[in-house]
Amino acid sequence: CLIFSSGLCQQGNDSEGFYGFLPDDIIKEFKRASRLKCMLCKQKGAAIGCNLTSCRRKFHLPCGIKLHCLFQFHGTFPSFCKEHRPIQLEMRGRADVEPQTCVLCLEVIDDLSSFDTLRSASCCNTFFHRSCIQQQQQALHSGLFFFRCPICNNNEKFQAEMLRMGIHIPERDASWERDENAFQELLTQYQRCDIKRCQCSMGRDYNKANSKWEVTRCDCCGAAGAHLACAGLKSNQTDWFCYGCRPLLARSKS
């Protein structure tokens with residue numbers, strides 16, 4: 001509500017007041033909104049108004065969502081009533097066109113001109129539900145740095161259109177990048193002897209550095225290993241190639 005309030009500006013730093021909204025400004029905006037009546041519930045306290053100067057419609061944030069008002073999550077965070085919200089021009093008059101399928105949930109989209117339907121600006125005939133592009137592993141999960149068209153992978157043009165149409169794209173890394181110990185398995189080196197007849201009495205997974213039971217990895221793929229003793233090697237400085245890579249290397253040399 002603070003972000004979308006028509007008479008409130010973030011005049012401080014993020015560490016000041018309430019995320020940059022100063023207490024005196026909040027009180028002033030509260031007094032202003034207490035005199036404004038919501039177009040839906042008819043109750044006062046409607047701090048959000050349509051961004052079109054000539055439009056006098058006011059609404060609470062929950063009421064605006066029910067009315068399919070549009071809220072833009074960038075710049076000055078403007079809001080628009082149902083009558084003046086941005087639309088995708090190519091969607092006009094397409095309610096009678098053959099139904100398309102949402103590329104994310106694969107459900108049929110019956111009405112292409114609906115507020116709940118969006119079209120990709122970067123590739124033709126790519127439609128999706130507003131809720132799908134916002135929630136299902138897309139904008140909220142991908143974040144600003146990974147959010148792009150699910151079909152053509154366009155970033156700049158696609159993001160600009162989605163912001164214009166009220167999609168919230170958080171300025172953060174993707175959810176999978178923020179997980180603790182993300183991709184740690186990629187840093188784990190292979191440490192198992194794959195020789196058909198492993199000679200180590202401690203088993204194939206035994207690995208002791210600087211000994212004959214040290215596991216060396218294939219110099220080609222790195223995805224297979226062998227104890228030095230099992231491979232007949234004296235040190236891990238000697239080149240060793242696994243059974244899978246040897247035929248490929250032989251063909252490349254020939």
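**Exercise 1. The surroundings of helix H5**

Task: name strands and helices that are among the cover of the buried residues of H5.

Solution. Strand S7 (117-119), strand S8 (127-129), helix H3 (130-134) and helix H4 (139-146) are included in what covers the buried residues of H5. The model is predicted: local features need pLDDT of at least 70, side-chain atom pairs count only at pLDDT 80 or more, and totals for chains, interfaces and linings use all residues. Residues are numbered from 1 along each chain as its sequence is written, and side-chain values use heavy atoms, with hydrogens and water left out.

Step 1: fix the elements. Helices (H or I, at least four residues) and strands (E, at least two) are DSSP runs, numbered from the N terminus.

Step 2: list the covered residues. The buried residues in H5 are Phe-158, Gln-159, Glu-161, Met-162 and Leu-163. Buried means under 20% relative accessible area, exposed over 50%, and partly exposed in between (1.4 Å probe, protein chains only).

Step 3: look past the end of the helix. Gly-166, just after H5, has a positive phi of about 85 degrees.

**Exercise 2. Salt bridges within a helix**

Task: count the salt bridges, then describe the one of Glu-161 and the one of Glu-29.

Solution. Step 1: apply the rule. A salt bridge needs a side-chain nitrogen of Lys or Arg within 4 Å of a carboxyl oxygen of Asp or Glu. The count is 5 salt bridges. Side chains of opposite charge can pair when their charged atoms come close.

Step 2: take Glu-161. Its partner is Arg-164, with 3.0 Å between the closest N and O atoms. Both residues belong to helix H5 (residues 156-164), and they are about one helical turn apart because 3 residues separate them. Glu-161 is buried at 13% relative accessibility, while Arg-164 is partly exposed at 30%.

Step 3: take Glu-29, which is placed in helix H1 (residues 23-33). Glu-29 makes a salt bridge with Arg-32 at 2.7 Å, N to O. This pair also lies within one helix, H1, at a spacing of 3 residues, about one turn. An α-helix has 3.6 residues a turn, so residues three or four places apart point the same way.

Step 4: check accessibility. Glu-29 has a relative accessible area of 5% and is buried; Arg-32 has 24% and is partly exposed.

Step 5: list the contacts of Glu-29 (contact means heavy atoms within 4.5 Å). Apart from neighbours within four places in sequence, Glu-29 touches Ser-5, Ser-6, Gly-7, Leu-8 and Ala-47.

**Exercise 3. A salt bridge between loop residues**

Task: say what the salt bridge of Asp-205 and Arg-192 ties together.

Solution. Step 1: find the distance. The closest N and O atoms of Asp-205 and Arg-192 are 3.3 Å apart. Both residues are in the loop between helix H6 (175-178) and strand S9 (215-217), so their pairing ties together parts 13 residues apart in sequence.

Step 2: read the exposure. Asp-205 is exposed, at 56% relative accessible area, and Arg-192 is partly exposed, at 34%.

Step 3: widen the view. A network of salt bridges links Arg-192, Asp-194 and Asp-205.

**Exercise 4. Cysteines**

Task: count the disulfides and give the cysteine sulfur nearest to that of Cys-38 and of Cys-200.

Solution. Step 1: a disulfide is a pair of cysteine sulfur atoms within 2.5 Å. The count by this rule is 0 disulfides.

Step 2: for Cys-38, which is in no disulfide, the nearest cysteine sulfur belongs to Cys-63, 3.7 Å away. Cys-38 is buried, with 1% relative accessible area.

Step 3: Cys-200 is in no disulfide either, and the nearest cysteine sulfur is that of Cys-198 at 5.4 Å. Cys-200 is buried, at 8% relative accessibility.

**Exercise 5. Domains**

Task: give the domains of the chain and describe how domain 1 and domain 2 meet.

Solution. Step 1: list the assignment. The chain has domain 1 (2-80), domain 2 (117-177) and domain 3 (189-253); such bounds come from an automatic or database domain assignment.

Step 2: describe the pair. The centres of domain 1 and domain 2, taken over C-alpha atoms, are 25 Å apart. Contacts join 5 residues of domain 1 to 7 residues of domain 2. About 450 Å² is buried between domain 1 and domain 2, 67% of it on carbon and sulfur atoms. Buried area is the accessible area (1.4 Å probe) that two parts lose on being put together, summed over both. Between domain 1 and domain 2 there are 0 salt bridges.

Technical notes
Contact means heavy atoms within 4.5 Å.
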